[in-house]
Amino acid sequence: MLNEAMKKMVNMDDEYEQGLPRVKGVASADRLLTVLSAFRRGDDALELTQLAERTGLVKSTIMRLCVSLQSFGFIERMRDGRYRLGTEIARLGSVYLQSYALESEVMPVLERLVAISGETASFYIRRGDQRLCLFRHDSPSPLRMHVRPGDLRPMDASSIAQVLRMFEAGDTDSSKDIDLPIYSNGVTDPHVASMAAPVFGAGQRLLGALAITGPASRLTADKAAQVAQQLRNFAEGLTNSLGGEF
């Protein structure tokens with residue numbers, strides 16, 4: 001049976017390569033992912049009622065889905081009936097980070113950016129219509145924006161979102177006249193300013209946005225201009241180390 005399933009998957013891939021329409025997603029798989037996506041930063045465990053509120057699914061459906069998720073280690077059911085994420089989630093997260101060799105390359109760069117600018121440095125990737133803070137190194141100042149790795153922010157007009165939106169298609173020619181890094185002030189939060197530059201991998205694929213964020217009163221346009229070249233240099237060096245070309 002496994003061999004037959006593998007043959008079907010190969011045939012689907014062959015059809016796609018031949019230019020036929022992509023096979024649509026499976027509704028049951030969509031519901032499984034909806035349940036997993038209901039968990040947010042700060043959640044310890046969720047009751048069935050909370051999962052129903054966040055997913056829009058009925059409780060009986062959620063219970064059946066959770067049985068499948070439990071069997072693969074994505075969810076654990078606690079003695080009190082609540083659900084929490086399972087260890088398989090942590091394993092996949094580790095695999096994801098290691099597969100791109102990002103953490104070992106990015107974190108030292110963030111630390112150096114903080115030392116140079118005095119502001120918080122971070123690395124963002126795009127996740128649908130939002131941007132995800134993947135790595136972050138905080139400013140030593142107690143006055144800073146409290147965003148943690150794993151937090152989602154809107155794809156608005158901030159410098160970080162602009163970079164992710166502008167370079168995600170790999171069309172660097174259309175963006176070659178843009179001054180980098182991009183600076184923005186008071187977009188997502190009226191009291192926060194940021195500046196960002198793209199980081200590319202092999203094949204000029206956008207890996208993410210390298211950014212500096214800080215209070216608008218400190219990270220002014222003049223201050224941004226003073227550290228702009230350093231940020232650009234770090235983005236270029238990171239791109240080179242990850243197999244891309246800036």
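Biologist: Which residue in β8 stands opposite Phe 200?

Modeller: Leu 206 in β8 stands opposite Phe 200. The model is a predicted one, in which local features need pLDDT of at least 70 and side-chain atom pairs count only at pLDDT 80 or more, while totals for chains, interfaces and linings use all residues. Residues are numbered from 1 along each chain as its sequence is written, and side-chain values use heavy atoms, with hydrogens and water left out.

Biologist: How are strands and their pairing to be read, and how many bridges join β7 to β8?

Modeller: Strands (E, at least two residues) and helices (H or I, at least four) are DSSP runs numbered from the N terminus. Two strands pair if DSSP finds at least two bridges between them. Here β7 and strand β8 (residues 206-215) run antiparallel and are joined by 9 bridges. The two strands form a hairpin with 5 residues between them, and Gly 203 in that turn has a positive phi of about 70°.

Biologist: In which sense do β6 and β7 pair?

Modeller: Strand β6 (residues 182-185) pairs with β7 in the antiparallel sense, over 4 bridges. Asn 185 has Ala 193 of β7 as its bridge partner. The hairpin of β6 and β7 has 6 residues between the strands, and within it Gly 186 takes a positive phi near 70°.

Biologist: How should the two faces of a strand be read, and which residues of β7 lie on each side?

Modeller: In a regular strand the side chains alternate between the two faces of the sheet. A residue is buried under 20% relative accessible area, exposed over 50% and partly exposed in between, with a 1.4 Å probe and protein chains only. In β7 (residues 192-200), 9 of the 9 residues are buried. One side carries Val 192, Ser 194, Ala 196, Pro 198 and Phe 200, and the other Ala 193, Met 195, Ala 197 and Val 199; both faces are covered.

Biologist: Ser 194 is a polar residue of this strand. Why does Ser 194 count as buried, and which side chain does its own side chain join in a polar contact?

Modeller: Ser 194 counts as buried because its relative accessibility is 6%. A polar contact is a pair of N or O atoms within 3.5 Å; within protein, one must be able to donate a hydrogen and the other to accept it, and residues adjacent in sequence count only if both atoms are side-chain atoms. The side chain of Ser 194 makes such a contact, of 2.7 Å, with that of Ser 159. Contact in the broader sense means heavy atoms within 4.5 Å. Beyond its neighbours within four places in sequence, Ser 194 is in contact with residues including Ile 160, Tyr 183, Thr 213 and Leu 219.

Biologist: How are aromatic pairs classified, and how many does a search of the whole structure find?

Modeller: Rings of Phe, Tyr and Trp (its six-membered ring) pair if their centres lie within 6.5 Å; planes under 30 degrees apart count as stacked, over 60 as edge-to-face and the rest as tilted. The search finds 2 aromatic pairs. Phe 123 and Phe 135 form a tilted pair, 6.3 Å centre to centre with 40° between the planes. Phe 123 lies in strand β3 (residues 120-127) and Phe 135 in strand β4 (residues 130-137), so this pair ties together parts 12 residues apart in sequence. The rings of Phe 167 and Phe 200 have centres 5.8 Å apart and planes at 75°, so that pair is edge-to-face. Phe 167 in helix α7 (residues 159-167) and Phe 200 in β7 are 33 residues apart, and their pair links distant parts of the chain. Both Phe 167 and Phe 200 are buried.

Biologist: What is a nonpolar core, and which residues have the most contacts inside the largest one?

Modeller: A nonpolar core is a set of buried Ala, Val, Leu, Ile, Met, Phe, Trp, Tyr and Cys residues joined through side-chain atoms within 4.5 Å. The largest has 30 residues, and those with the most contacts inside it are Leu 102, Leu 113, Phe 123, Phe 135, Met 195 and Leu 210. At least two residues of this core come from each of α6 (102-117), β3, β4, β7, β8 and α8 (221-241). A second, separate core of 18 residues includes Ile 160, Leu 164, Leu 180 and Ala 196.

Biologist: Which backbone atoms does the side chain of Thr 55 reach?

Modeller: Thr 55 lies in helix α3. Its side chain reaches the backbone oxygen of Leu 51 at 2.7 Å and the backbone nitrogen of Leu 57 at 3.2 Å. Leu 51 also lies in helix α3 (residues 48-55), and its C-alpha is 7.6 Å from that of Ile 62, 11 residues away in sequence.
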